[in-house]
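Let's take a walk through this one, starting with pairs of charged side chains and ending where the chains meet. Keep the structure open as you read.

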Amino acid sequence: MGDGSRSVFSRGGVVALFGLLACFVAAPVLAQDVVGEAQYRSIGDLDSRMIMWVVAELHLMFGAFVLGVPIFAIIVEIIGIQTGDKRYDDMAHEFTKLLSAAFATTAALGGLLGFLLFGLYPQFMGHLTGVFHGSMYVYALLFFGETFSLYIYYYSWDRLADRKWVHVAVGGALNFFGLAIVLVANSWASYMMSPVGLDPDTLAFNGDTWGALINPLWLPLNVHRLLANIVFGGFVVAAYSAVRFLVTAKNDEERAHYDWMGYVGNFVGILALIPLPFAGYYLGREVYSVSPVMGNNMMGGAFSWTFILQALLIAMIFLAANYYFWTSMDRIQGSNRYAGSIKWMLFLLLAAFAVWMTPHNLPLSAAEQIRIGGQYHPVLKYLGLMPAKNAVVNLIILVTFANFLIYRRANQGETVPVSQQGQSPKLLIPIVSAMVLAYPLYYGFYLLGLDPAELDLPAEKASLFRVPAYLLFIEVMVAVLACVAALYDRGRLAQMVLLGLTGILVTGVLGVYGFEILEKANPFLRNIAVVQVLLMICGILVALVIDIFEFRNAETLGDIRWGDAPARSQYALILQCLAIVMLMGLMGFIRSGLREDWHIYGVLRDTSAQSWTPTNATMTITVGFITLVFVSWIGVLFWIAGLSDKKEQSAQGGEGA
Amino acid sequence: MNPHVIGIPAFGLAVLLVFAFFGIWVTDLQGQKSGGSQLSGDISAEAGREIFWGKGKCYTCHSIGGEGSAQRCPNLGTNDQFSDPIWVRAAVRKQSEGYSRERYIVESIYDPNAYVVEGFSKGLMKPINKPPIALTDDEITSVIAYLLTEAGANDAVPEDVMAAVLDAQRDFASAKVATEEFVPGMPVPEGDAEEGFYVFEEMKCHSCHKIDGMEFEAAGDAEGGVGPDLTGIGDIQTLEYLAESVMDPNAIIVAGDGFKGDDGNSKMPEFHDTMTLREFIDLVAFLSSLKAEG
């Protein structure tokens, strides 16, 4: 690493950490000022909430990058060790360098955010400090741990080149501290939505910090944010590679490097993106459990149209990911064999997104209502309900997975029969499949024994629980048969049958059955969604295990021509990155907005002049602006980090001469 | 020059602009307005409608007939499941327990889990007078008025029905009565005068107000005389006047020595935020019961 990035890292980091600590030291002093009426301060005539919105979102975005990239880096480094391919190691190293530049900015923004919170919202921060001050000290200490492990991880890269697992262990420590920081910060954000430990009459906090930390929304928020951070890290890496590929790559070797890097970034992002809707569903479900008012407001109230916008952005990401797969197949010999299937997949994706983006409640004029015979469209109203949404979300994931399988096998020719691959498939296919299938099997039996009274349903409704249970048993049975077929060299047929069945059961059968449950046993609907997730995970993972052995050591029809990717495929990667950044901003708006006029839901009311919920127009303009600032800022940081490369290259050139 | 140097920023800006304009279009489509809304303080069916479909968030779970889209909680109008609207079916729902229509509706707002309609989840609805919704008692009265006017189809709630609502509400309302929530001239339902006696005593009203023929447990500091003698006050003042005097002592200050302080205001302290709606109604009933002959 050159001197430039070293100075950014050390000076900026120290200043930011000092600011952060000063913020916590100042907290008790400010907290004394909070007893009594709600208190707000402002900076001149500036809108305090808008300032908070922009700074908090930028901090979160940089935070997502500096926490997502270490996960990305360590995975890539381990792949490099396992495969012996130095490109992986170089890529992990390159991104750790970018990380160090972004780290100081993240910490500085965090310090600014803390000062603004204590300065502009003293009463709110007084409450939060009163509840969480213990964890705030831990948070600051974790920051030291993160800083030092990042230093060691980056600077020991060459020194520990021949002791890579020791280096990976340092990376593990870096990720441990990064993860711990997220977990602590998430507890504050989730407590604002689901506060605990409060006296029901006086609303005074009489619990303990640990109890408040593990509040009901903490775990689902952790799962959702962790996965989202990996997606974010992967897509930022992919976009960085795309820009380098299109703009700065000087020769074929560099183009090949950045083409490949973009592929890996996209691959990691997509891999984490596939379970993200499930994590989102889990979080949403828990929001409903904490407060039905907040939950209904989310999907059926003030934010229902914001969720349509969210669907639009997710559609953008999935379509861009699939488009990238298809256009990138141009550089893979033998991929033309699969070209015919692409249009059908595109059709399925577009149809699924059309359903996903159909609102249940249309804003109609009286004349329009008369024309369609009521407030709801006679057909489209069904597409706006949860069963339809769940069905198509699963279909989108399934189609993307199928596309991934096609991409994987695009240049694979003659395969080695599984029966001739020795003992490993005979052991691993059954073992992995058994691990995957155990829980769906258990859940099927659980549904059969489920007492309707637990869901406040009359006893006769138990018969409605059987259908999803039987579907789970069918899926497990077919998955077992698929594994057997794979061992007898019928893997590809088995995969098709398994994935086809999964699609039919999840989308067709349970998609329709969900409407019956909605009408007859509404509380059971959430169990239907769980069954859909289990069927999908079961189908995907078993098909993937089979695929690994099916194409192991297969003959290749030609190397992938890295560096030959068309420019439009790189624009797809840039689009993905923009969409995930905007999506993060949009979801942050929804999560914060659900509290409406409460700083801490049901405990501390927001009595400021800005306690109302902004419109979607305000949201898209603000999030668009924040995205522009973030991508410009991180672009500048990458450019600064890249200056040291040039310096090193010119130094090497000088030595060579 | 590499075309992508211009192409990438242009592409990025185009994506951001499309996103921003889509938000503007959706906002326009929804008719969504920016900023907060201010409700009037009146108790009326009209205010109830505004609360039901706005601040009260009732619409996130309940529809009324074809109005609204929520299905999570019972439709309060008619649909495939319910042939009668709530203002009809409430009358018979807990009839066997002696509940009136008004009492059932009041209970289902203050204590929603006391009776849960079959097929709907228990625990889904929280008491509406508690956070996070935290409607005031008056706002709840308005929502009930809205429902009892057949969701706004009729002009007004008959007075006897309104009195029954307020009477039922007395048993559930727990929020302290705030001056700003008290609207002069609001109908005061019949309270329990005997309970009102104890409220009078607990609030130490007898420290300043004398009532001939009555004894109270704790002696007041001023031994009476700072405030007007309340003996027989029920003969000469209406319920509404008495209610206003309790909540806003400065509204009308009786002429007499020592009733006003140096600042020209009544010496009587403010009692807002110190008693519940039920205590308030009972206290007013007690004052109204003070007849000269009694």
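A good place to begin is a trio in chain A: A:E77, A:D89 and A:K164 are tied together in a network of salt bridges. Bear in mind that you're looking at a predicted model. As a general point, oppositely charged side chains can pair up when their charged atoms come close. Over all chains, the structure holds 17 salt bridges, and a few of them deserve a closer look.

Take A:R409 and A:D547, which form a salt bridge with their closest N and O atoms 2.5 Å apart. This pair links distant parts of the chain: A:R409 sits in helix α15 (residues 386-409) of chain A, while A:D547 belongs to helix α19 (residues 525-550), 138 residues apart. Are these two buried or exposed? A:R409 has a relative accessibility of 12%, so this arginine counts as buried, the cut-off being under 20%. A:D547 comes in at 0%, so the aspartate is buried as well.

Now try A:E286 and A:R285, whose side chains also meet in a salt bridge, at 3.9 Å from N to O. Here the burial labels split. A:E286 is at 19% relative accessibility and therefore counts as buried, because the label applies under 20%. A:R285, with a relative accessible area of 24%, is partly exposed.

Over in chain B, B:K210 and B:D212 bring their side chains together in a salt bridge of 3.7 Å, N to O. Where do these two fall on the accessibility scale? B:K210 has a relative accessible area of 45%, which makes this lysine partly exposed. B:D212, at 46%, gets the partly exposed label too.

That leaves the place where the chains touch. On the chain B side, 45 residues are in contact with 49 residues of chain A. The area buried between the two is about 4,200 Å², with carbon and sulfur atoms giving 68% of that. Of the area that chain B buries against chain A, B:L16, B:F19 and B:P132 supply 16%, more than any other three residues.

So what holds for charged pairs across this boundary: how many salt bridges does the rule find between chain B and chain A? The count is zero. There are, however, three residue pairs in polar contact between the chains, both partners at pLDDT 80 or more. As for the makeup of the chain B side that touches chain A, its residues divide into 20 nonpolar, 18 polar and seven charged.

Methods
Residues are numbered from 1 along each chain as its sequence is written. Chains are lettered from A and ligands numbered from 1 in the order in which they are written. This is a predicted model: local features need pLDDT of at least 70, side-chain atom pairs count only at pLDDT 80 or more; totals for chains, interfaces and linings use all residues. Side-chain values use heavy atoms; hydrogens and water are left out. Contact means heavy atoms within 4.5 Å. Buried area is the accessible area (1.4 Å probe) that two parts lose on being put together, summed over both. A salt bridge is a side-chain nitrogen of Lys or Arg within 4 Å of a carboxyl oxygen of Asp or Glu. A polar contact is a pair of N or O atoms within 3.5 Å; within protein, one must be able to donate a hydrogen and the other to accept it, and residues adjacent in sequence count only if both atoms are side-chain atoms. Ala, Val, Leu, Ile, Met, Phe, Trp, Tyr, Cys and Pro count as nonpolar, Asp, Glu, Lys and Arg as charged, and the others, Gly among them, as polar. Buried means under 20% relative accessible area, exposed over 50%, partly exposed in between (1.4 Å probe, protein chains only). Helices (H or I, at least four residues) and strands (E, at least two) are DSSP runs, numbered from the N terminus.
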